[in-house]
Amino acid sequence: MLKTKDILDEKDKRLHEISKEVVFPLTETDKKAIHDMIEYLHDSQIEELAEKRDLRPGMGMAAIQLGIKKRYFVVVNEITEENDTEQKFETYIIVNPTIVSHSEEEICADAGEGCLSVNRETEGYVRRYARVKVSGYDMDGNKIVVRAREELAIAFQHEIDHLNGILFTDKLTFNIDGIRTI
Ligand code: NI
């Protein structure tokens with residue numbers, strides 16, 4: 001099981017390197033990493049498990065955050081609705097992702113963004129596209145296209161930035177005039 005200390009800290013130079021395209025098939029190491037990332041992200045969003053395992057809550061993780069310089073990420077998005085008796089999640093695993101199109105509209109997370117590699121309070125906002133269409137591959141190498149909006153769109157853009165060696169702290173701004181906050 002992945003522990004919080006297994007995740008690279010922002011001071012680690014590898015987080016500023018550009019990850020490499022994945023050549024299929026995925027290695028066993030990659031498959032295990034993906035499994036561990038899903039488990040971590042899922043459990044970290046369930047208060048009881050997060051406390052028990054001392055996990056920092058997060059919805060996304062890129063391979064490079066585990067020191068694996070390959071272009072893939074996992075997002076575990078909570079989709080719990082009012083009437084649900086337990087928390088529900090949807091999982092995205094995208095290998096070699098590309099943003100193929102995006103809205104003109106920009107948004108930013110009202111509370112600012114967070115990152116499992118940035119273990120401190122930050123000030124400012126990150127401008128993101130409100131909607132993105134991302135293409136890539138699933139774990140078996142099948143082509144996939146995913147459309148995302150709002151919070152999920154922010155998560156995808158944040159994770160793709162990781163693959164290009166960019167942290168959200170590199171993009172912090174207070175210039176959000178006319179930008180919708182969510
Ligand atoms: Ni991050």
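How many bridges hold β2 and strand β3 (residues 89-102) together, and in which sense do they pair? Select both strands: they run antiparallel and share 7 bridges. Strands here are DSSP E runs of at least two residues, helices are H or I runs of at least four, and both are numbered from the N terminus. Two strands count as paired if DSSP finds at least two bridges between them.

Before going further, note that this is a predicted model, where local features need pLDDT of at least 70, side-chain atom pairs count only at pLDDT 80 or more, and totals for chains, interfaces and linings use all residues. Residues are numbered from 1 along each chain as its sequence is written, and side-chain values use heavy atoms, with hydrogens and water left out.

**Stop 1: around β2**

Stay on β2 and pick V76; its bridge partner in β3 is T91. Now add strand β1 (residues 60-62), which pairs with β2 in the antiparallel sense over 3 bridges. There, A62 sits opposite F73 of β2. Colour β2 by accessibility and you'll see a mostly covered strand, with 6 of its 7 residues buried (buried is under 20% relative accessible area, exposed over 50%, partly exposed in between, using a 1.4 Å probe and protein chains only).

**Stop 2: the aromatic rings**

Keep F73 and show F156 too. These two form a tilted aromatic pair, 5.6 Å centre to centre with 50° between the planes. The pair links distant parts of the chain: F73 is in strand β2 (residues 72-78) and F156 in helix α3 (residues 150-163), 83 residues apart. For the cut-offs, rings of Phe, Tyr and Trp (its six-membered ring) pair if their centres lie within 6.5 Å; planes under 30 degrees apart are stacked, over 60 edge-to-face, and the rest tilted. F73 counts as buried because its relative accessibility is 0%, and F156 is buried at 0% as well. Add Y92 and you have one aromatic cluster of F73, Y92 and F156.

**Stop 3: the nickel ion**

Which residues coordinate the nickel ion? Select C115 (SG), H158 (NE2) and H162 (NE2), at 2.1 to 2.3 Å. Donors are N, O and S atoms within 2.8 Å of the metal (3.2 Å for Na, K and Ca); water is not among the atoms, so sites may look incomplete. Along the chain the donors follow the spacing C-x42-H-x3-H. C115 lies in the loop between β4 and β5 while H158 is in helix α3, so the pair ties together parts 43 residues apart in sequence. Both C115 and H158 are buried.

**Stop 4: the open sheet**

From that loop, step out to its flanking strands. Three strands make an open sheet of mixed pairing, in the order β5-β4-β8. β5 (128-129) and β8 (180-181) are at the edges with a single partner strand each, so one side of each has no neighbour in the sheet. Strand β4 (residues 106-108) pairs with β5 in the antiparallel sense over 2 bridges, and E106 stands opposite Y129 in β5.

**Stop 5: backbone oddities**

Most residues other than glycine have a negative phi, and most peptide bonds are trans. Now go to F24 and P25, joined by a cis peptide bond with omega about 0°. P25 lies in the segment before α1 (28-44). Next, try D54, whose phi is positive, near 55°. D54 is in the loop between α2 (47-53) and β1 and is exposed, at 62% relative accessible area. Finish on N96, with a positive phi near 50°; N96 is in strand β3 and buried, at 7%.
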